[in-house]
Amino acid sequence: MISIPGLTAQRARFLNRWHARAATRSRAQHQVKGFVSSPEPRTIGSYARGRQLIGGNYLFAGTLINAPERTLWELDVPDGAYADELHGFAWLDDLAAVGDVSARQVAQHWLWDWIDRFGKGRGPGWTPDLTGRRLIRWINHAIFCLRGQESEQSQDFYRSLEQQTHFLSRRWHGAAPGLPRFEALTGLIYAGLALEGQEALADPAIKALARECRNQVDAEGGLPTRNPEELLAVFTLLTWAAAALSDAGRGTPKDHLAAIARIAPTLRSLRHADGGLARFHGGGRGIEGWLDHALAAAKVRAAPSGGLSMGYARLSGGRTSVVIDAAVPPTGPASGNAHASTLAFELTSGRRPLIVNCGAGASFGLEWRRAGRATPSHSALCLGGYSSARLAEPDRDTGREALIDGPTHVPVEISSAGDGIRFQGGHNGYVRSHGLTHARTFELTLDGRGLAGEDMLLAMEDIEKRRFDRALDAAKLKGLRFDIRFHLHPDVDATLDLGGAAVSMALKSGEIWVFRHDGTHNLSLEPGAYLETTRLKPRATRQIVLSGMAFTYATRVRWSLSKAQETAIGVRDLSLDDPWTDHTDPDEQ
């Protein structure tokens, strides 16, 4: 049977509405009157965001609405992403983080107002993933919300919890595989174990969650989307579900525990020295402290294997961490948020990010979303203005563009290198268009004070050389332009030094890093952008751009990032030693 995406999505929306109204109108349900045990909050909120909400500043999905005279449900919602964040109730974490009387009164007013407006199965919040997310928050913060409420309001609260649980028991399988389905099943397990008389609804969900762990979490502890922040969200949900099962005196399925054990070391590989996540394939750094809290709660001590983790390589030395996208990009349905970032890297020194990727721009509109996914928005090599992968036409139903024509072969090798560790990798993303393979090498010293890099463009096979010759002819033999970009974090103060031969970068910690290159290409410092979903606008920053022209079948560029030495009087000394050990004649490059 052939399924048409638009009709499938339309059918899913119809079934959600039908089951939502059926669940809220049924009289055959057991009346929930309380919890089996007192719920323990496990979610982490932001005190600052909580105070903003109380003041009527509603920042969701990159849009700020200032309306102190209105409740959440009286806002003119700008788009579906904004509505999802409202109906998912994750903002309840922020109000609970404030925790005072005014925060509790606001939370109570908005929660019971939702019951009055949408509790009969109406509105956009009746989807499996949003219902699961909402149930977790309501149960987590039940004591906070119920304090001081009348008996009639408490009954409305428990009745709505029961109705949402029954809806979820019928519709969890309608959630998309991946994070949405993990949210739906975890919410159902939470509710089934916590609410009186609902234990029977938890059993199918427990088995289904174990099955999703087996099917969705691969042997490397990764997800098909290769989104680090999404992996952290799934990991958090799995640890919450395992804790809920333990609190209920029940065992956790083997596949469930095995998935937690696989994911934990992968997240440690994706963790920068400052505790934030590497920002790749639509993921952000994560809320401050979220990653470390989740790893501590899981109690899994396994260290990273030393190879690739979810397709990423991690180099570390001293207080410096480097994370590299070292695998083919996600394909198929998992590529809806994928970026053309193969062999891009990020570098963090101590508590300060230095080299970053621009990030996901979805919250700033379609143009920023597409720009953020392109290769020039990553700390990588871009050839002839082309990305290493292409975006397909937007899906008619979701509006997302799949990533196509990306690298299909990414060989990687990680080895020791004298006083450090070496990464070598390559990808064929430019072979079809230009006949060139991009090869990249990093060498990080053991003390973390220096990173030497090399980028090569190679036409190796005869067919690739002919393709390169055609591309060179089309450029009228002027060469094929390439740009190697190093996006800087907005907190980095960068200036050109040594007559334009180097870039010095001052971190807020007081460290000075220096970028140098082999002197055969053009070095510039250009404007850039840093995209964060918690901000109203992209943040202005700078990027180092190393540009050149490829004329031959082999082009090599060498560069380095090193911590500057300090003189006796505290003035930075940029006369660093040459970071490359073999001094090849320029004519051979």
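Two strands count as paired if DSSP finds at least two bridges between them. With that in hand, let's work through this predicted model together, one exercise at a time.

**Exercise 1. The hairpin**

Task: Find how many bridges join strand 1 to strand 2, and say which residue of the hairpin takes a positive phi.

Solution:
- Step 1. Begin with the two segments: strand 1 covers residues 57-60 and strand 2 covers residues 63-66.
- Step 2. Four bridges join them, and the two strands run antiparallel. The pairing criterion asks for at least two bridges, so strand 1 and strand 2 pair.
- Step 3. Look across the ladder: Asn57 faces Asn66 of strand 2.
- Step 4. Now move to the turn. Two residues lie between the strands, and Ala61 has a positive phi near 50° in this hairpin.

**Exercise 2. Two more positive phi values**

Task: Locate Phe89 and Leu477, and decide for each whether the residue is buried or exposed.

Solution:
- Step 1. Phe89 has phi near 65°, which is positive although the residue is not glycine.
- Step 2. Phe89 sits in the loop that links helix 3 (80-88) and helix 4 (91-98).
- Step 3. The relative accessibility of Phe89 is 0%, so Phe89 is buried.
- Step 4. Leu477, also not a glycine, has a positive phi near 60°.
- Step 5. The loop holding Leu477 runs between helix 16 (462-474) and strand 14 (480-488).
- Step 6. Here the relative accessibility is 56%, so Leu477 counts as exposed.

**Exercise 3. Two helix pairs**

Task: Classify how helix 2 lies against helix 5, then do likewise for helix 8 and helix 9.

Solution:
- Step 1. Take helix 2 (residues 47-54) and helix 5 (residues 101-118): their axes come within 10 Å and cross at roughly 65°.
- Step 2. The range for roughly perpendicular is 65 to 115 degrees, and helix 2 and helix 5 are therefore roughly perpendicular to each other.
- Step 3. The crossing of helix 2 and helix 5 is left-handed.
- Step 4. On the helix 2 side, Arg51, Leu53 and Ile54 make the contact; helix 5 contributes Ser102, Ala103, Val106 and Trp110.
- Step 5. Turn to helix 8 (residues 151-171) and helix 9 (residues 179-194), whose axes are 10 Å apart at an angle of about 135°. Helix 8 is thus oblique to helix 9.
- Step 6. Helix 8 and helix 9 also cross in the left-handed sense. Thr165, Leu168 and Ser169 of helix 8 meet Ala184, Gly187, Leu188 and Ala191 of helix 9.

**Exercise 4. Two residues of helix 6**

Task: List the contacts of Thr131 and Asp129 beyond four places in sequence.

Solution:
- Step 1. Thr131 belongs to helix 6 (residues 128-140), and Asp129 lies in helix 6 too.
- Step 2. Thr131 touches Gly125, Trp126, Gln164, Phe167 and Leu168. With 0% relative accessibility, Thr131 is buried.
- Step 3. Asp129 touches Pro180, Glu183 and Ala184.
- Step 4. For a long-range check, the C-alpha atoms of Asp129 and Leu496 are 49 Å apart, with 367 residues separating them along the chain.

**Exercise 5. The open sheet**

Task: Give the strand order of the eight-stranded sheet and explain why strand 10 and strand 15 each have a side without a neighbour.

Solution:
- Step 1. The order is 10-11-12-13-20-17-16-15, with antiparallel pairing, and the sheet is open.
- Step 2. Strand 10 (412-417) and strand 15 (493-497) are at the edges; each has a single partner strand, so one side of each has no neighbour in the sheet.
- Step 3. From one strand to the next, the twist averages 15°.
- Step 4. Inside the order, strand 17 (residues 512-517) and strand 20 (residues 554-563) are joined antiparallel over five bridges, with Arg516 opposite Ser560 of strand 20.

**Exercise 6. Cysteines**

Task: How many disulfides does the whole structure hold, and why does Cys358 not bond to Cys382?

Solution:
- Step 1. The search finds zero disulfides.
- Step 2. The closest cysteine sulfur to that of Cys358 is in Cys382, 12 Å away, which is too far for a bond.
- Step 3. Cys358 is buried at 6% relative accessibility, and Cys145 is buried at 0%.

Technical notes. Residues numbered from 1 in each chain as written. Predicted model: local features only at pLDDT ≥ 70, side-chain atom pairs only at ≥ 80, totals over all residues. Heavy atoms only, no water. Disulfide = S-S within 2.5 Å. Buried < 20%, exposed > 50% of the residue type's maximum accessible area, 1.4 Å probe, protein only. Axes fitted to C-alpha atoms, helices over the stretch in contact; angles between N-to-C directions. Parallel < 35°, antiparallel > 145°, perpendicular 65-115°, else oblique. Left-handed = near helix turned anticlockwise from the far one by under 90°. Contact = heavy atoms within 4.5 Å.
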